[in-house]
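Biologist: Let's go through some labels on this model. I will ask how each one is earned.

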Amino acid sequence: MIEIKGLNKSFEGGIKAVNELNLTIADNQVFGLIGTNGAGKSTLMRMMSGVLKADSGEIKIDSEYVYENPMVKKQIFFIPDEAYFFQWADANAMRDYYAGIYTDFDSERFDKLTSEFGLKKENKIITYSKGMKKQLSLIMGLCAKTKYLYCDETFDGLDPVMRQAAKSLLAKEIDERDFTPVITSHNLRELEDICEHVGLLHQGGVLLSKDLDDMKLNLQKVQCVFADESRRGDFEKNLDILIHEERGRLHTYTLRGERPQIESIFANEEMVFFENLSLTLEEIFICETEVAGYDVRKLIAG
Amino acid sequence: MMSENSLQAEKKNVKKYDSMSQRALFMRRKWVVLITIVSCLLIYPVSLVIGLISTINLNMFDAGVPVGIKLVNTFNLMLGNNIVGFMATAVLAVLSATQGFSYLFNRVTADFYESSPHTKKQRFRALFVNGLLIYYIPIIISFVLCFPAAALMGAMHPAMILQGIIQLLELMLLYSAVYSICIVGAMLSGNILTAMLFDLFLLLIEDVTFMAIDACGSNYFATWYNGSTADRTHFFSPLANYLKTHMPDPYFGSRPFTSQVMMAHIMKSWPDDLRLLVIFGIFAALGLLLYKKRPIECAGRGFVFIVTGYILKVIGAFYISLFTAIMLENITGGDVFVVFAGVLISSAIVCIMVQVLMIDGSAKKKLYHVAISALAVIAIVIVCRFDLIGFENYIPSENSIDSCALMNFNDSGFSYFEKDDYGAYEEQYDGRYIFNRMKLKNVADVIELAREGQRLKCENERMYKGFSRSYYDDYEEMDVSFSNSWNYVVLFNLKNGKKVYRMISIPVDVDATLMDRITSSDEFRSAILQCEDDFVNELKNSAGKNHTLMFYNGCRESKRIDGTLIGEFLDAYEKDIKTKYSYSDSRFNMPKGSVQFNEKDDNTDYIFDQSYFLNYPVFEDYDNTIAFLKQHDIYFDELIPLEMVDSIRVTETGDDGEEKETEYTSETEISELMPKLYSDYGTWDWQDPGYVDYERQADVTTKRDIYEDEYFKGETYTLYFLSEGSLKKSIDR
């Protein structure tokens, strides 16, 4: 488990990158960190990796401080937003390097995965495309067999097929061993089909951190057409409406409440049309953060 | 899809090694490793073989020295005084230090390495050691390879093995010291450019500071004595410390390498080597400390610690501006406006350049930095130019002085012989001999002389500068005479151990009584002649068949006698100096001639390898010396014996430039004229700078075919009358 308390980090020029940040990342779940550029995602990741030293506050990983602690760092594989590979190295050279660092590095799996992803190990990495480099980094991270895998915008820009493949790999890892990936992105859509728990960073602090299922359970999105439009006003009084859109007679509601409860309310009213819709992560965020007085649409890219 | 078999094969190929292992680091730094290996091999074994082949080939044109000695010397030159090796070592150290920690200059690489499971100390130690091994291994291999190569080509000498080890260790020390300094430079920098700037700054700041002090001193102060800096200790300049004992010897090729040479080198160089070791240790520790303190997020920024950037900016601007000021002072003749404008502009340029390098927006522009450096320079210029510190007039109080020394500084300083590493004597031109030996106790007299000398030195300097500035305008109208004095250096040895040096100009009309009190002292007399040290003892004992003695008076040269008599001569001369030498004796008398000690050309014993030409002026009252010369029949009392003179043609140049010639042929005229004529062949202490009048020349022609003496067969000798007003005129009376 990663526990972060009262974390602060400023850069020269008075830039407050992380501001009194508190966050807990539970084990064995895919944790997504969302935030605009400059929200502090990468800084937080670098501090969680033991690269940067916090000005104040603490980061504990499995109850141990991470900074200057090789034993803890051995449990972390950090894929930065711009991954580094040795000049003129091929995938094998990088494999050898990581195999030297991470004692459980699964070279066999590495070879298998590179082959499955269609990465030619004998080619110099410098000739790889940006997406291929991200794939290679991810494969390295998975094969390192560390408990924690930090992916800083690693999934941004991956094509849907690759993202799906990556998602499957992460899921498989979680099923098979003690594994906690932490993924950052400035784009909600990149994460919504991967993450189980999401934290929203804004101005160096955590605006929100919730389990995605919990958020989804308590939020519903429905479309309906009332048989008698004049009854709508009274009907809406029974609902905790977060968002209401109207297109002709078609109404779309985003509502707070559990699904059976919402469905029973709608069942008691005569409807021409009624349908449950699935909520996007963006919608969930909009709803959750509006309560806190933020216009989340300005904070995240959709 | 890869088959199971091929996967198994691949699995076997995985090379697991610690990412911080030396092997892994060598692999990652292969370009630096390659450059270092190639450099070491080229500079040492390859150059040695080429050098030895060249030596063998060139030997046929110079068979004087046995080829074996030449080969050993070449080997020694390649290993020991290899200036290319020195420069390459320094450059490789800078390269290795900067490249080794260059990952800190880039966020991507910094993240990569810093996220690996190692502590900062582990990472620093691995990289630091790797940077040392990158040089140590190739240089050791290169040195080792040199020995079989040298042995095969006949260039081996038993002492060379120890010599090789010593030189190798010294090179490794140099490398280590430069390397650790450059690591500190890298730790203070956020990118390669500023790292290089810091490297230069740290490596050269001490030398630049000394240069600035010397430049200010010699430019602004007439009484500044540059020689006082000859033995200056460099505390943290590895380059200066190494060069001090490894500058290639200009006479190198003709000297044999021996165990004695090697021991002499060790004895001379160990303090500098120790200093290099201390520099290495201090800067390595500082490097680790800074590495730990260094925030990783400063990768790519100009300066890691803004304050060091500001310091570099201000100090850099200060030195550049100071040198600009001195240069402009000389170019413009001291135009205040131009000098101050130049200082301000150069200071601003440096500050702007460094500010641009700082990159980080957080580094405030701080225009007052320009003002600080410029004002500091302007303050120094004002202080120096108007001598607000009273440098020119400063004389320590009599009570604080333990002893004094005076050294003739007319042209190149006092000349003496000192043994070098090779056991041979080299002529030196500095004050060390005099200043170490002369301990004048009549302090009050020296102070009185120094006060007058400093005043005249400043006056002469002002006249000279005035002359320089108006040279193109009114040269003809300038009436500047620089022959009114003797330039000397006075040294005050203070009781607290400090030394105060001043250049002085002793006026030719100085109080003779005062001068006699100083110059007649035992302390003065025993120091002005190199007569009691190893050189003289060796000269007395070893001057063999290759050396000769003779007497010369400007017209007449005696026969050459055996050089082994130098000991006997020196004993006699020393007695005269210690009993007769005084200012008045030298000032108001003309020497009868000089004893000259020369070396023959066919020298093969390598004890004295350069042509000595020692000149000892002999005055009329030097009884012991004259008795020696007479005993060996090499003394002349007169320039030219009267009976040998055929005619004298006197040419006088008038104020209008017209020459008037008068021919004298009668014996009476000749006997009246000859005692008034002097040769200008020699120099001696306290000689009136304008003792002869070059406007009154006498061409003395000797008779033909009368005497057997080869010097007087119709030859014409140019002599001169004494200058009008010269104190030597007293001789005529």
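Modeller: Helices and strands here are DSSP runs: H or I over at least four residues for a helix, E over at least two for a strand. The model is predicted.

Biologist: How do you know that B:Asp633 lies in a loop?

Modeller: Look at its neighbours in chain B. B:Asp633 falls between α23 (623-631) and β10 (645-653).

Biologist: What makes B:Asp633 exposed?

Modeller: Exposed means over 50% relative accessible area. B:Asp633 has 58%, so B:Asp633 is exposed.

Biologist: What is noted about the phi of B:Asp633?

Modeller: Phi is near 60° there, a positive value in a residue other than glycine. Most residues other than glycine have a negative phi.

Biologist: Why is A:Asn28 called partly exposed?

Modeller: The class in between runs from 20% to 50%. A:Asn28 has 31% relative accessibility, so A:Asn28 counts as partly exposed. A:Asn28 sits in the loop between β2 (15-25) and β3 (31-34) of chain A. Phi of A:Asn28 is positive too, near 55°.

Biologist: Now the sheet. What is the strand order in the open sheet of chain B?

Modeller: Five strands run β11-β10-β13-β14-β12, with antiparallel pairing.

Biologist: What makes β11 and β12 of chain B edge strands?

Modeller: β11 (659-664) and β12 (677-678) each have a single partner strand, so one side of each lacks a neighbour in the sheet.

Biologist: How do you know that β12(B) and β14 of chain B pair?

Modeller: Pairing needs at least two bridges. β12(B) and β14 (residues 716-722) have two bridges, in the antiparallel sense, so they count as paired. B:Leu677 has B:Phe721 in β14(B) as its bridge partner.

How values were computed: Residues numbered from 1 in each chain as written. Chains lettered and ligands numbered in written order. Predicted model: local features only at pLDDT ≥ 70, side-chain atom pairs only at ≥ 80, totals over all residues. Heavy atoms only, no water. Buried < 20%, exposed > 50% of the residue type's maximum accessible area, 1.4 Å probe, protein only.
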